[in-house]
Amino acid sequence: MSSNVPIAHGDITAPTPQNTPLTHAPIAAGLSRPTVPDISEDNEPAEDETEDLAQMTGAQAAMLGLVQGRLADLVGKSSGYIESLPNDVKKSVEALKGVQVKQNELQNQYKRECLELEKKYLELQNPLYERRNAIISGAAQATAEEIEAGTQASLKDDPLYTPPPSDEAAPAAIPEFWLTALRNHVGLSEIITERDAGALKNLIDIRLSYLPSDSPKPGFKISFIFSSNDFFENDVLDKTYLYQEEVGYSGDFVYDRAIGTEIKWKEDKDLTKEFEIKKQRNKNTNRTRLVRKARPTDSFFNFFSPPVPLPEGAEDDLEDEDLEELEEKLEMDYQIGEDLKEKIIPRAIDYFTGKALEYDVMDDDEDEFDELDDEDEDGQFDDEV
């Protein structure tokens with residue numbers, strides 16, 4: 001799968017491995033761009049349209065708004081054409097729907113087999129991940145062959161690269177490897193606070209696994225392995241992502257929900273909360289006391305308390321702003337999971353060294369430009385002197 005996946009709940013746009021809208025998400029700079037509009041875009045004018053409206057007279061703007069409203073009302077409604085067809089033609093239309101059902105079944109089977117293929121190759125990769133972890137932790141020394149292969153890869157990327165000297169010094173453990181790798185992901189760097197860094201220094205591995213084939217729903221799990229630390233009791237923090245059993249309309253798996261491990265924080269060490277001391281006065285005795293109150297705060301560890309999608313049909317119970325905020329949180333959560341699965345875990349060394357940033361930035365730059373029609377290409381830019 002690629003790095004993008006849909007949530008199938010009401011009108012909320014769903015991130016899929018081929019489509020993850022993140023236009024409004026605060027960490028969008030480091031994550032995949034949308035390829036379809038989200039719920040906030042359906043009825044909102046684009047920036048250039050807003051400028052055009054500002055130049056219209058009141059009557060023109062009112063008329064345009066009326067026309068746009070009428071057109072919006074027609075979306076999804078029948079034109080009457082299908083209903084007007086002769087009965088024998090209608091039977092053929094129904095037959096095509098039956099053929100489509102079989103196509104959908106094949107697509108579902110195809111995606112299931114792709115998932116099994118991913119599992120197969122993860123099993124082949126796991127010995128390499130174990131070897132990687134041994135080198136990072138210092139449990140095993142890198143071999144001369146491994147060092148030489150890495151040096152040749154570096155020289156291929158950069159002919160001016162200076163390899164480490166060939167002396168008697170033995171390869172050593174790499175401190176704060178995973179903290180550095182996570183911080184070099186443009187999106188994750190925005191949600192890792194300085195307080196979080198103290199705990200993430202104890203992160204010794206991140207592992208990927210898939211749910212068993214006989215699970216009620218397909219999905220995957222990301223496990224964060226920690227050494228003993230001053231912040232929480234857990235040795236492992238898991239984040240599990242579940243897909244719907246059937247693929248979505250686009251032919252991709254649809255996210256169902258995510259489940260995170262409950263973190264057992266040590267006393268006064270909860271990084272997802274900030275504590276403040278407030279003075280309270282008793283109205284009857286006029287005596288004062290100090291009260292310690294906690295309030296939620298931004299933290300990477302909120303990742304393990306994922307947002308919950310709305311039940312089917314519950315969208316009408318929320319205000320538009322609240323619905324949009326929930327959508328953004330869901331998009332961000334699923335995209336982080338996909339980026340960990342598809343990018344950071346397989347290419348951890350590239351994120352540690354910063355090499356992966358070149359490709360993340362390249363993808364980001366490409367998404368900033370729209371294709372122009374031939375008639376629009378002339379006169380759009382002036383030559384710089």
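**Exercise 1. Find which residues I222 touches beyond its sequence neighbours, and place I222 in the nonpolar core.**

Solution. Setting aside residues up to four places away in sequence, I222 touches I206, R207, L208, L237, D238, K239, Y241, G337, L340, K341 and I345, where contact means heavy atoms within 4.5 Å. The model is a predicted one, in which local features need pLDDT of at least 70 and side-chain atom pairs count only at pLDDT 80 or more, while totals for chains, interfaces and linings use all residues. Residues are numbered from 1 along each chain as its sequence is written, and side-chain values use heavy atoms, with hydrogens and water left out.

The next step is the core, defined as a set of buried Ala, Val, Leu, Ile, Met, Phe, Trp, Tyr and Cys residues joined through side-chain atoms within 4.5 Å. The largest nonpolar core has 51 residues, and those with the most contacts inside it are W178, I222, F224, F301 and L340. Helix α9 gives the most to this core, with eight residues. In soluble globular proteins, nonpolar side chains tend to be buried together.

**Exercise 2. Describe the chain as a whole: how many helices and strands does it have, and what share of its residues counts as buried?**

Solution. Begin with the elements: the chain has 11 helices and six strands, which are DSSP runs numbered from the N terminus, with helices (H or I) of at least four residues and strands (E) of at least two. Then turn to burial, where 34% of the 385 residues count as buried; buried means under 20% relative accessible area, exposed over 50%, and partly exposed in between, with a 1.4 Å probe and protein chains only. Finally, the chain exposes about 25000 Å², of which carbon and sulfur atoms supply 50%, the areas coming from the Shrake-Rupley method with a 1.4 Å probe and, for residues, only the protein chains shown counting as cover.

**Exercise 3. Work out where L310 and K329 sit, and whether each is buried or partly exposed.**

Solution. L310 is found in the loop between β6 (288–296) and α9 (320–344), and this residue counts as buried because its relative accessible area is 13%. The C-alpha atoms of L310 and L323, 13 residues apart along the chain, are separated by 9.3 Å. K329, in turn, lies in helix α9 and is partly exposed, with a relative accessible area of 41%. From K329 to V308 the C-alpha distance is 9.4 Å, with their positions 21 residues apart in sequence.

**Exercise 4. Locate K293 and list its contacts beyond its sequence neighbours.**

Solution. K293 has its place in strand β6 and is partly exposed, since its relative accessible area is 39%. Leaving out residues up to four places away in sequence, K293 touches E274, F275, E276, K278 and Q280. K293 and K273 are 20 residues apart along the chain, and their C-alpha atoms are separated by 9.7 Å.

**Exercise 5. Examine E176 and D268: what is the phi value of each, and where does each lie?**

Solution. For E176, phi is near 55°, a positive value in a residue other than glycine. E176 lies in the loop between α5 and α6 (177–183), and it is partly exposed at a relative accessible area of 36%. For D268, phi is near 65°, again a positive value in a residue other than glycine. D268 is found in the loop between β4 (255–260) and β5 (273–281), and it counts as partly exposed because its relative accessibility is 48%.
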